[in-house]
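I set out to look up how the sheets, cores and enclosed spaces of this model fit together, and I kept my notes in the order in which I went.

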Amino acid sequence: YLITSLFITSIFTDSRTTLWAYLLLSLSLLVAPLLYREFTYRDVIAGPLALFAFVGGMLVLENAHRHHLECDRRAQLQETQRQYEALFEHSNDAVFILGFAGSVLSVNSPGAQLLGVTQSELVGENVSNYLEQEELPVIERRMEMLRANQQPPLFEQTIVARDGSRRIVEINATTVLDGAGVPQYIQCIVRDITQHKQVAETLQRRNRDLTVLNQVITAATSSLDVIQVLHAVCVELGQAFDLPATAAFTVDEAAPRAVAVAEYRRGTQPSALGIGIPLTLPVIQHLLAHQTPLYIANAQVDPRVREAHALLATRGTRALLLVPIITRQRVTSAIVLDALGDRTFNADERELAQNAAAAVSQALEAAELHRELQTYASSLETTVAARTTELREALVQAQAADQAKSQFVSNVSHELRTPLTSIKLYLELLRRAPEHTAYFSALQRETDRLQYLIENLLQISRLDLKRVQVQPEPVDLNALVLRLAQDRQALFTSRGLELQIQPASDLPILNADPRLLEQVFTNILTNAMNYTPPGGQVRLITAREAAGARSWVAVSVIDTGFGMTDDDQQQLFKRFQRGGASQALNVPGTGLGLAISKEIVDLHKGRITVASELGKGSAFTVWLPYPEPLKTVK
């Protein structure tokens with residue numbers, strides 16, 4: 001009974017309460033012998049004495065344990081105090097411990113450095129000595145909140161250091177309470193944000209400048225109207241600088257005056273539109289001569305604007321900033337910024353005004369160039385129309401002349417053919433006389449050459465006049481080329497050349513003009529014979545080929561002659577063009593044979609190709625479509 005009760009009591013109370021509980025419990029045992037016969041008074045006396053010894057030992061152990069805990073708690077408090085003092089002294093922020101009257105109880109090194117004094121000098125001073133006087137009422141209201149244990153929000157404050165320099169700080173103030181909840185002092189954590197504020201203000205100013213320039217450039221590039229562009233720059237600069245009025249003047253050197261054509265005004269400011277200022281005014285002369293901005297501190301008394309004093313007084317203008325707009329190295333316009341009071345227009349504002357003027361200058365120059373370009377384009381269009389008419393007339397004349405040339409060639413060829421026929425007839429009659437055979441053979445050869453030339457000229461003339469008609473009929477190409485080869489076999493043999501024929505067995509019958517195709521293959525075989533040296537070989541091959549989505553009949557003439565260069569191959573099918581080998585070998589010709597051959601093949605919807613290598617021979621291939629029927633060309 002005693003042990004359990006005392007144990008429970010000692011857990012929740014101190015030693016004195018436990019001792020009182022022991023005395024009360026011991027007295028309560030005096031009634032035990034009266035209630036229970038098993039108990040005697042000796043037991044009542046012996047039990048409490050034994051329990052007293054036990055309780056005494058327990059109290060000794062308890063006191064020792066509590067003393068140990070108290071020592072640990074004091075050690076922890078000392079360590080916490082040491083850490084707090086270290087943090088307090090080495091904090092990056094300034095820390096002030098203030099009394100509720102504003103006196104400095106303690107301060108760390110950053111706090112003393114912030115105010116430009118030592119820690120010992122600052123202790124005991126009132127913080128109001130380092131504040132702007134007009135801000136003291138606000139500080140007093142915050143001190144009242146702290147005395148009432150109310151947490152004021154984070155706030156910014158301007159402080160004045162001992163040397164007079166001003167810093168912007170951010171203050172977090174709290175009330176420190178004791179264990180009973182009673183306010184003891186104020187702790188202020190102060191952070192210097194001067195540089196941060198300066199950077200923020202610079203960024204804000206730059207952002208404003210960029211916004212203004214962007215708006216000016218957008219307006220300048222979206223319109224070619226000068227007045228709209230000038231109005232846009234007046235509005236943007238007036239709003240950016242918070243001015244009552246701005247105006248833009250254009251320079252009219254013929255008048256000579258500068259006339260207000262655009263403006264921005266706020267409130268009841270009188271309009272300046274239409275107002276003219278003589279170019280002889282000194283400020284205008286300065287802008288025209290120096291092409292630089294001009295600032296006037298007091299425009300109402302400045303002699304440089306004497307002729308505009310009445311106007312400026314009406315508008316209430318005091319400070320002026322005039323910024324020229326330069327187009328093609330001359331001042332064409334100017335922006336005038338009005339201020340009602342003293343306004344210095346700092347370097348950033350002047351730079352912004354100049355940049356805006358430069359953007360407008362580029363826009364006005366672009367507008368002027370656009371007008372000049374339109375004028376030039378209109379003039380050019382008229383010139384081109386007139387020149388086109390002249391060229392059309394010249395083309396008609398050239399076509400008529402070309403037609404006349406072709407007709408002339410046709411007529412001459414016809415006139416030459418008749419006497420040549422007579423000459424050949426008489427030569428044939430004279431050849432029967434044996435004594436004149438050698439002479440007449442030479443005459444016959446030269447006459448044949450002249451006839452070949454005339455026939456080529458006549459064929460070219462017909463092609464130009466669109467008088468060559470394709471008269472299609474069924475054609476066996478194998479039979480046609482075999483006949484041509486047999487007719488020339490003896491001639492090839494006499495020149496020491498081997499002529500081989502390799503006809504294809506599955507060659508289809510074509511719908512073509514055999515007379516025109518015979519002329520094509522004759523020209524190609526003749527060239528192969530003329531440009532292949534003795535001992536060489538010429539092969540005539542026919543084949544059926546598929547190329548692309550078409551079926552073709554191909555006739556190839558392959559020789560082992562001198563071959564051609566790449567340049568010769570590029571010019572081969574042009575009229576009057578001959579390769580280098582013809583000049584080197586002195587082969588007679590006009591350069592018309594292959595040109596005529598190509599045009600004939602084109603009339604048959606075919607194509608002619610050549611593959612050659614210098615010193616290794618040439619291969620000419622005529623490709624004729626099959627089974628597409630041919631149309632008569634008129």
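**Entry 1: the largest cavity.** I began with the lining of the largest cavity, to which β1, α5 (109-115), α7, β3, β4 and β5 each supply at least two residues. Since I am working on a predicted model, I read every value here as computed from that model. Which element gives the most to this lining? I found that α7 does, with four residues. The volume I noted for the largest cavity is about 290 Å³, and I counted three cavities of 30 Å³ or more. The lining of the largest one comprises 19 residues, of which L98, V127, L131, I171 and C188 are the closest to its centre.

**Entry 2: the sheet beside it.** I next traced the strands that had come up in the lining, and found an open sheet of five strands, paired antiparallel in the order β2-β1-β5-β4-β3. Why is one side of β2 and of β3 left without a neighbour in the sheet? β2 (104-107) and β3 (155-160) stand at the edges and have a single partner strand each, so one side of each has no neighbour there. From one strand to the next I noted an average twist of 35°.

At the β2 edge, I saw that strand β1 (residues 94-98) and β2 run antiparallel and are joined by three bridges. L98, which I had already listed among the residues closest to the cavity centre, stands opposite V104 in β2. I then looked at helix α7 (residues 136-147), which lies across β3, β4 (166-177) and β5 (183-192) and runs at about 125° to β3.

**Entry 3: the nonpolar cores.** I moved on to the largest nonpolar core, which has 42 residues, and in which L477, F521, F620 and V622 have the most contacts. The elements that I found giving two or more residues to this core are α14 (477-494), β14 (510-512), α15 (514-530), β15 (537-547), β16 (550-559), α18 (593-603), β17 (607-613) and β18 (617-626). The largest share, eight residues, comes from α15. I followed F521 outward, leaving aside its neighbours within four places in sequence, and found it in contact with L477, L480, V481, L484, V555 and V622. Another core lies apart from this one and has 32 residues, including L230, L243, V323 and F345.

**Entry 4: strands β15, β16 and β18.** I returned to the strands of the largest core and saw that β15 and β16 run antiparallel, joined by ten bridges, with E545 opposite W552 in β16. The hairpin of these two strands has two residues between them, and G548 takes a positive phi there, near 70°. I also found β16 paired with β18 in the antiparallel sense over eight bridges, with W623 in β18 as the bridge partner of A554. Is β16 enclosed or open? I take it as largely enclosed by the rest of the structure, because seven of its ten residues are buried.

**Entry 5: helix α18.** Last I checked how well α18 is covered, and found that eight of its eleven residues are buried. The buried residues of α18 are G593, L594, A595, I596, S597, I600, V601 and L603. After α18 comes K605, for which I noted a positive phi near 60°.

How values were computed
Residues numbered from 1 in each chain as written. Predicted model: local features only at pLDDT ≥ 70, side-chain atom pairs only at ≥ 80, totals over all residues. Heavy atoms only, no water. Pairing = 2+ DSSP bridges. Axes fitted to C-alpha atoms, helices over the stretch in contact; angles between N-to-C directions. Contact = heavy atoms within 4.5 Å. Core = buried A, V, L, I, M, F, W, Y, C linked by side-chain atoms within 4.5 Å. Buried < 20%, exposed > 50% of the residue type's maximum accessible area, 1.4 Å probe, protein only. 1 Å grid on protein atoms, 1.4 Å probe; cavity = no way out; pocket = protein on both sides within 12 Å on 5 of 7 lines; lining within 4 Å. Points joined across faces, edges and corners; volume = space filled by probe spheres on them.
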